[in-house]
Amino acid sequence: MDEGYEIYCGLDVGKSEHHAAALNAAGERVFDKPLPQDEARLRELFTGLQQHGRVLVIVDQPNTIGALPIAVARDCGCTVAYLPGLAMRKAADLYPGKCKTDARDAFIIAETARAMPHTLRAVDRDSEVLAALKVLSGFDADLTHECTRAINRLRSLLLQIFPALERVFPGTVLTRSLVLELFIKYAGPTGLRAAGRSNVLRWARNHSRKDPVNLVDAIFTALSEQTVTVIGTEAVELVIPRVADQIKELKHQRAIVAEEVEKLLHDFPLSRVLMSMPGVGIKTAATILLTIGDAGTFTTPGHLAAYAGIAPVTRRSGTSIRGEFPARSGNKQLKNALFRSAWIASCHHPASKAYYQKKRDQGKKHNAAVICLARRRCDVIYSMLKHGTLFEEKPALAA
């Protein structure tokens, strides 16, 4: 982040009111007042501060309640940055007192930006694609959480009344379209028994492209293993089809969101750059773009790796503590995306598979070997984003 600013304006944003603290390059306060969530007042502040020179506006929340201040600041010609919450909390510990007020938070945001500009992150680079992608990704994350809760509820209901039947649907089998439709139609063990094997099999064949004989046989084998009726079965079988229908609808909504994300990324240059790398698909590319953009705020690949939490941390203290340890910090979303893509590459990309196996032969466990591969791939991703170049396979060196 550029350090050549005359004014550092920290904004502790709020739903209806913000608190702004502006410091000059020497650390002297030039503004320290609350102001409403109002375009006219925000514009008046930013325009007034620009009389002192270049203005850097720093927010602690770039989305939702912080969106309007960012838009107004940019429209006024100010540079905008974001101070992550973890960095702000650590910086707050450096100042005396434990009180938490909007005025104190705004001052800490401004002072941290002035004294430690490396802690700042850029806010979406005026890209409509990234802004839309952030909204869709957030919505997809909400849908994922709701879908997971509904799946757990359905599994819990089956376990409550018929454990043997629940065991027929391990893992993702429970969320297959045929299984969900089956629960919507027959509800549970009572409805399945009443319909009989032949009727259920006939219905399943009409609703499946694959032969459902094995699944239907497993269902009725499980039904034969329990003769007692658990108290509350009738009520549970009223709920099961509703939960199954909820899961079906959530999966449909996620599919729609995935199509929209694919459309957004289709003509976005950096997405094509990222997806040219083995192991990087649409979701991984979207996560990387949302967290680091074009990697312009990172000076080196090591800086990016440290931000992602995949760079080893060196610890030395006298002669008793010496070595490198796994990082426990970093951007979790970015770390997970890089880890998943490295894992996929280690299974399907020959060069990545060879590097992964090399680390395993050195005695590293699976996760550690994948992290090593992710760290290596991070350098490549950084270079690709910086130069806008597609992934190229390096030829093997001659022996």
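**Exercise 1. At what angle do helix H14 and helix H17 pack, and how far apart are their axes?** Then work out how to describe their orientation and who makes the contact.

*Solution.* Keep in mind that this is a predicted model.

Step 1: Find the two helices. H14 covers residues 301-308, and H17 covers residues 366-387.

Step 2: Read off the geometry. The angle comes out at about 125°, and the axes are 9 Å apart.

Step 3: Pick the right word for that angle. Roughly perpendicular stops at 115 degrees and roughly antiparallel needs over 145, so H14 and H17 are oblique to each other. Their crossing is right-handed.

Step 4: List the contact residues. H14 brings Pro301, Gly302, Leu304 and Ala305, while H17 brings Arg375, Cys378, Asp379 and Tyr382.

Step 5: Sort them by class. You get five nonpolar, one polar and two charged residues.

**Exercise 2. Now try H14 with H15: is this pair roughly parallel or roughly perpendicular?**

*Solution.*

Step 1: Start with the numbers. H14 and H15 pack at an angle of about 105°, with 8 Å between their axes.

Step 2: Apply the range. Angles of 65 to 115 degrees count as roughly perpendicular, so H14 is roughly perpendicular to H15.

Step 3: Name the partners. On the H14 side they are Leu304, Tyr307 and Ala308; on the H15 side, Leu334, Lys335 and Leu338.

Step 4: Sort these too. This contact has five nonpolar residues, one charged residue and no polar ones.

**Exercise 3. Place asparagine 331 in the fold and describe its surroundings.**

*Solution.*

Step 1: Locate it. Asparagine 331 sits in the loop between strand S8 (321-325) and helix H15 (332-348).

Step 2: Decide whether it's buried. Its relative accessible area is 18%, and buried means under 20%, so asparagine 331 is buried.

Step 3: Check its side chain. One of its polar atoms lies 3.0 Å from the backbone nitrogen of leucine 334.

Step 4: Look further along the sequence. Setting aside neighbours within four places, asparagine 331 is in contact with Thr291, Tyr307 and Ala308. Tyr307 and Ala308 also turned up on the H14 side of the contact with H15.

**Exercise 4. Say what stands out about the backbone of alanine 187, and where that residue is.**

*Solution.*

Step 1: Recall the usual case. Most residues other than glycine have a negative phi.

Step 2: Compare. Alanine 187 is not a glycine, yet its phi is positive, about 70°.

Step 3: Place it. Alanine 187 belongs to the loop between helix H7 (177-186) and helix H8 (189-195).

Step 4: Check exposure. With a relative accessible area of 15%, alanine 187 is buried.

Technical notes:
Residues are numbered from 1 along each chain as its sequence is written. This is a predicted model: local features need pLDDT of at least 70, side-chain atom pairs count only at pLDDT 80 or more; totals for chains, interfaces and linings use all residues. Side-chain values use heavy atoms; hydrogens and water are left out. Helices (H or I, at least four residues) and strands (E, at least two) are DSSP runs, numbered from the N terminus. Buried means under 20% relative accessible area, exposed over 50%, partly exposed in between (1.4 Å probe, protein chains only). A polar contact is a pair of N or O atoms within 3.5 Å; within protein, one must be able to donate a hydrogen and the other to accept it, and residues adjacent in sequence count only if both atoms are side-chain atoms. Contact means heavy atoms within 4.5 Å. Axes are lines fitted to C-alpha atoms, for helices over the stretch in contact, and angles run from 0 to 180 degrees between N-to-C directions. Angles under 35 degrees count as roughly parallel, over 145 as roughly antiparallel, 65 to 115 as roughly perpendicular and the rest as oblique. A crossing is left-handed if the near helix is turned anticlockwise from the far one by less than a right angle, and right-handed if clockwise. Ala, Val, Leu, Ile, Met, Phe, Trp, Tyr, Cys and Pro count as nonpolar, Asp, Glu, Lys and Arg as charged, and the others, Gly among them, as polar.
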